[in-house]
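Here's a quick walk through a model, with stops at a helix, some rings and a few strands. Have a look at it first, then read on.

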Amino acid sequence: MSLLDRLSGNDADKVPATSLPSRALLWLIGSFALLLTPQWDRLPLWLIAACAVLASWRWLARYGRVRLPGRWLRTGIMLVLTGVYVATVQGRFTVDTAASFFVLAVGLKWLETRSVRDFYVLFFILVYLATVNFLFHQEILWALVNFTGIALLLVGLQVLNAPELPGGMKSGWRRLGALFLKTLPVVVLLFVFFPRMSPLWSVPLVSGEARTGIGDTMRPGDISSLAQSSERAFRVTFGGEIPPYRDRYWRGLTLDYLDGETWRQGQAGDFRALGRVAVDGGVGPLKPEEYDVLLEPTDQRWAFALENSRAVSDNVVEESADLFRFRRPADSPVRYRLALEEKAGSGEQIERPELRRYLQLPGEGNPRARELAGELRRSMGDEQIIRSLMERFREQAYFYTLRPPAMPDNGIDTLLFDKKRGFCAHYAGATTFVLRAAGIPARVVVGYQGGEPGAGRDYLIVRQYDAHAWVEAYLDGRGWVRIDPTAAIAPERIESGLREAVAQEGSFLENDWASPQRYANVALVQWASLQLDRINYQWQRWVVGYQGQSQMDLMSRLPGGFGMRELGYLTAGIVGAGLLIAGLISALQMRRGEKRNAFRRVVDTWHRLCASAGVPVRHGETPSVLATRLAKAEPAAADSARLFARMVNSHYYSAGTEDEGGEQLKRMRRLLATMKRQLRRSNSRTGRRRD
């Protein structure tokens with residue numbers, strides 16, 4: 001035997017590589033490909049390619065185009081791919097990287113999938129892969145993808161056990177659909193009443209995956225780049241009237257330290273230990289002053305809120321005035337609830353020593369902006385300086401654009417005196433710089449402004465292109481006051497949104513040609529997009545977000561005031577009733593099955609005949625496999641045995657009339673008698689004696 005045969009042959013494997021039916025293997029590979037799609041956005045390209053090659057290798061081996069690797073070659077492939085994985089991970093061992101390693105292990109499993117037993121092992125592994133997918137995507141579309149993958153696995157399982165059954169595919173899908181309809185009521189009842197535990201996706205991922213969204217620093221061009229994305233940032237449902245567009249300022253964080261051209265947070269947040277994410281913060285009906293926010297994953301701790309809000313749900317805490325934080329980073333969709341209230345007094349009052357950090361500026365740079373601030377300070381008070389700056393933006397030829405020019409040196413001077421073209425981040429940073437240079441405490445606020453109504457106008461959708469930056473200045477007696485230079489330069493951005501503000505420029509989503517939001521003039525596209533979003537929003541709120549607090553709130557509305565104890569009793573009663581109904585159905589089926597005792601007696605007779613020929617029936621063995629073993633032991637009865645096995649499969653897996661069943665039973669009896677004669681003649685020729 002050559003070295004290549006030793007490395008790639010099957011000498012060490014007792015079961016031939018062709019033992020699995022082609023169609024069953026095809027369904028298994030199709031399910032694997034489908035269950036990988038929810039993770040394509042996070043898996044490295046080399047891992048996706050490796051899984052495709054390994055699954056293709058197994059498929060080609062089924063037809064003899066290649067040979068499955070032997071033990072040593074399999075070990076070598078495993079070591080090489082594991083080494084690539086370790087080099088790619090670079091020490092980042094998290095839930096995210098562990099899921100990637102699991103995908104690699106599933107891919108390697110294809111090289112040793114040779115027998116029916118291996119099919120069952122891979123079947124259950126792929127079911128677990130579908131579960132792992134929910135760590136990263138809980139949207140209804142990906143849930144349907146996962147369920148479809150499971151359906152393919154179940155069909156493949158039926159094909160595996162009846163590969164030669166005519167019309168088996170159609171009947172298999174029919175049985176699968178009937179099983180789904182039977183179990184759906186039980187699943188719904190258990191989902192609603194079974195005590196809810198923390199979901200799988202509440203496990204902290206600590207993912208290294210980059211998220212689209214607002215970061216904790218701001219450079220002049222950051223938000224203009226973010227404005228080219230139509231991805232959802234969050235959705236909001238109001239208990240009362242939706243605020244006017246111009247009042248939808250969603251505050252996220254403040255930046256108070258200027259490092260060159262980069263604005264940062266001057267004080268780092270407190271360290272928080274990892275824990276589970278409370279994803280169901282908003283429960284119960286909304287009061288008129290309350291609003292629910294369903295935030296997309298950001299991997300950040302800040303929550304977005306309107307001014308004059310207070311926390312209602314306990315999964316957010318108020319860090320300072322109108323700034324809210326989660327207890328841990330939001331690496332999965334999080335729902336939280338806030339309430340609007342009229343705050344008494346004249347705003348947040350801060351002692352002068354504490355305000356010094358809001359006057360920080362680099363030691364040098366942008367001399368013309370500093371000179372402008374000095375001129376304003378020498379002739380005006382704080383409020384007059386602010387009004388003068390806004391009048392400058394409003395009256396001079398400043399432009400709001402998604403295509404700002406490069407301003408590498410003294411960028412604030414270049415913006416204010418030369419180019420006069422920029423986005424909100426440019427103008428917010430420049431305004432804060434001038435105010436600080438004039439001695440007025442100021443800070444940059446980063447968040448979102450706006451939001452479009454969803455289908456039915458029941459909620460707002462805030463997207464990444466609604467990202468915005470503005471300024472807050474501290475005035476004695478008034479506290480922090482919002483100043484938005486964008487409102488002076490491009491008021492249509494604050495009144496109607498980014499689309500209207502850059503309509504003449506034609507730069508709205510110019511790099512995102514596939515986004516439905518780009519085609520606002522196509523009514524059908526907008527309608528379909530909003531309807532799909534509404535379906536997904538309700539799925540997120542009432543299915544994905546149906547956890548402990550939501551369940552207890554629902555139970556409290558039932559008569560009698562359900563608590564955890566009553567919920568446990570109710571769940572036990574539902575399970576018991578389900579078992580009782582299943583038992584009654586089984587009993588009825590057994591009574592109905594007594595009419596088919598004649599068929600069972602014929603099959604039992606065949607089993608005894610096989611055992612007397614030295615081919616005892618094995619546990620879980622299909623009729624086709626039994627007929628194949630009988631044909632090898634008694635070639636004289638081979639044709640009769642195979643035909644008899646096909647008739648048994650046809651009886652179980654095809655829907656025939658009662659008359660057809662009776663005729664088939666007669667044929668099986670005649671065939672069984674023929675088989676007995678063939679075995680008797682074979683024994684008489686060889687001199688064997690059957691007991």
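## Val53 and its helix

Val53 belongs to helix H3, which covers residues 45-62; helices here are DSSP runs of H or I with at least four residues, strands are E runs of at least two, and both are numbered from the N terminus. Val53 has a relative accessible area of 52%, so it counts as exposed. The cut-offs are under 20% relative accessible area for buried, over 50% for exposed and partly exposed in between, with a 1.4 Å probe and protein chains only. In sequence, Val53 and Trp110 are 57 residues apart, while their C-alpha atoms are 9.9 Å apart in space.

## How far to trust it

This is a predicted model, where local features need pLDDT of at least 70, side-chain atom pairs count only at pLDDT 80 or more, and totals for chains, interfaces and linings use all residues. Residues are numbered from 1 along each chain as its sequence is written, and side-chain values use heavy atoms, with hydrogens and water left out.

The average pLDDT (the predictor's confidence in each residue, from 0 to 100) is 82 for the chain, and 83% of the residues score at least 70. Residues 1-18 are a weak spot in confidence, with pLDDT below 50. That stretch still has 35 contacts in the model beyond near neighbours in sequence, a contact being heavy atoms within 4.5 Å.

## Strand S17 and its partners

How many of the nine residues of strand S17 are buried? Nine of nine, across residues 467-475. Ala467, Ala469, Val471, Ala473 and Leu475 point one way, His468, Trp470, Glu472 and Tyr474 point the other way, and all are buried.

S17 runs antiparallel to strand S14 (residues 442-449), joined by seven bridges; strands pair if DSSP finds at least two bridges between them. Here Val446 stands opposite Ala469. Strand S18 (residues 479-483) is also antiparallel to S17, with five bridges. In the S17-S18 hairpin, three residues sit between the strands, and Gly477 takes a positive phi near 85°.

## Aromatic rings

The whole structure has 25 aromatic pairs. Rings of Phe, Tyr and Trp (its six-membered ring) pair if their centres lie within 6.5 Å; planes under 30 degrees apart are stacked, over 60 edge-to-face and the rest tilted. Tyr474 and Trp480 make an edge-to-face pair, 5.4 Å centre to centre with 70° between the planes. These two also stand opposite each other across S17 and S18. Tyr474 is buried at 2% relative accessibility, and Trp480 is buried at 14%.

Trp606 and Phe644 form a tilted pair, with 4.8 Å between centres and 45° between planes. Trp606 is in helix H21 (residues 597-612) and Phe644 in helix H23 (residues 638-653), so the pair ties together parts that are 38 residues apart in sequence. Both rings' residues, Trp606 and Phe644, are buried. Elsewhere, Phe234, Phe238, Trp250, Tyr291, Phe304 and Tyr448 make up one aromatic cluster.

## Charges, rings and a polar contact

Trp480 turns up again: the charged end of Arg443 sits over its ring, 3.8 Å from the centre. To count, NZ of Lys or CZ of Arg must be within 6 Å of the ring centre and within 35 degrees of the ring normal. Arg482 lies over the face of Tyr249, at 3.9 Å from the ring centre.

Asp292 is in strand S6 (residues 290-295) and is buried, with a relative accessible area of 1%. Its side chain makes a polar contact with the side chain of Arg335 at 3.1 Å. A polar contact is a pair of N or O atoms within 3.5 Å; within protein, one must be able to donate a hydrogen and the other to accept it, and residues adjacent in sequence count only if both atoms are side-chain atoms.
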